[in-house]
Amino acid sequence: MVTGGEDKKVNLWAVGRPNCIMSLNGHTTAVMCVKFGRSEDTVCAGSVSGSMKLWDLEATKILRTLTGHKSSVKCVDFHPYGEFLASGSQDNTLKLWDMRRKGCIRTYKGHSQAVNTLKFSPDGRWIVSGGEDGVIKLWDLPSGEVLTEFIGHTGSIAEVEFHPNEFLLASGSSDRSIKFWDLENFQLISSTGADSGPV
C-alpha cells in the first residue's frame, strides 16, 4: 500500500506490518494523491504545489518531476498499457503526460471547478473525470474532445470507476449516491438510495 500525507512524504507499507517499509522524500508541500504504476515498480505522487513526482521504487529515486498545474493535484492515473499518466487538479484541468518525453502533451479544459477523480478506460482510449462541479465528463484520448457528460449527481463527484470488462461506469458523490452509467448509449442505468453518508 502507498500513502501520502501532510508531512510531504510518500510512505510504502506491507500489509500486516505496522511500520512503513519505505519513505520517499522530495515534495515541498503536502501530498494529495498517490498511485502505483502498472507493474508496481513506480509510484506517482501529486502535491498541493501542483507538481508531481515519479519514483523508481527499486532505486528509491525520483525519476522525474512533472510541473504544469497551477494548483493542487487531486488525482492521478496510469494508462493501462502506454507510457502515459493523467492528472486532475484544483485548477479545473486534466493533463495527459508522456513519461518518456517527460512533459505534458495535452490539457483538457471543461470542468468549472476542481477535478476530484479520473480514470483511464480499460482499453486506454477514453478518460473519465469527475469534478467538484458535480459533472462527469468522458473524454476521447486521441482527439481530446468530450464524448459526453453524465449529469445526475447533485453533489461533487468523489470517485469514478470503469467496469473491467463490461461497458459500465460507476460514480460516487457527496450527494450520498452511487450511480451506474451505460457506456454504449451514455444513459443512467441505476442509482443507489441516498441512505448512507457522502461517498
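**Exercise 1. With which side chain does the side chain of Lys179 make a polar contact? Then work out whether Lys179 has a salt bridge or lacks one.**

Keep in mind that this is a predicted model.

- Step 1: Find Lys179 in strand E18, which spans residues 178–182.
- Step 2: Look for its polar partner. The side chain of Ser191 is in polar contact with the side chain of Lys179, at 3.0 Å.
- Step 3: Check for opposite charge. Asp175 has the nearest such side chain, and it is 5.1 Å away.
- Step 4: Apply the cut-off. A salt bridge needs a side-chain nitrogen within 4 Å of a carboxyl oxygen, so Lys179 has none, even though Lys179 is buried.

**Exercise 2. In what order do the four strands of the open sheet lie, and what is the pairing?**

- Step 1: Trace the sheet across: the order is E4-E5-E6-E7, with antiparallel pairing.
- Step 2: Pick out the edges. Strand E4 (31–36) and strand E7 (61–66) each pair on one side only.
- Step 3: Check the twist, which averages 20° from one strand to the next.
- Step 4: Zoom in on E5 (residues 42–47) and E6 (residues 52–56), an antiparallel pair with five bridges. Here Gly46 sits opposite Met52 of E6.

**Exercise 3. Which residues does the UniProt annotation "repeat: WD" cover?**

- Step 1: Read the record. The unreviewed UniProt entry gives 1–23, 24–65, 66–107, 108–149 and 150–191.
- Step 2: Take residues 24–65: 55% strand, 0% helix, and end C-alpha atoms 14 Å apart.
- Step 3: Now residues 66–107: 57% strand and 0% helix, with 14 Å between the end C-alpha atoms.

Technical notes:
Residues numbered from 1 in each chain as written. Predicted model: local features only at pLDDT ≥ 70, side-chain atom pairs only at ≥ 80, totals over all residues. Heavy atoms only, no water. Pairing = 2+ DSSP bridges. Helix = DSSP H or I, 4+ residues; strand = E, 2+ residues; numbered from the N terminus. Axes fitted to C-alpha atoms, helices over the stretch in contact; angles between N-to-C directions. UniProt positions renumbered as here; feature names shortened; annotations may be inferred. Buried < 20%, exposed > 50% of the residue type's maximum accessible area, 1.4 Å probe, protein only. Lys, Arg positive; Asp, Glu negative; His and termini not counted. Polar contact = N/O pair within 3.5 Å; in protein donor to acceptor, adjacent residues only side chain to side chain.
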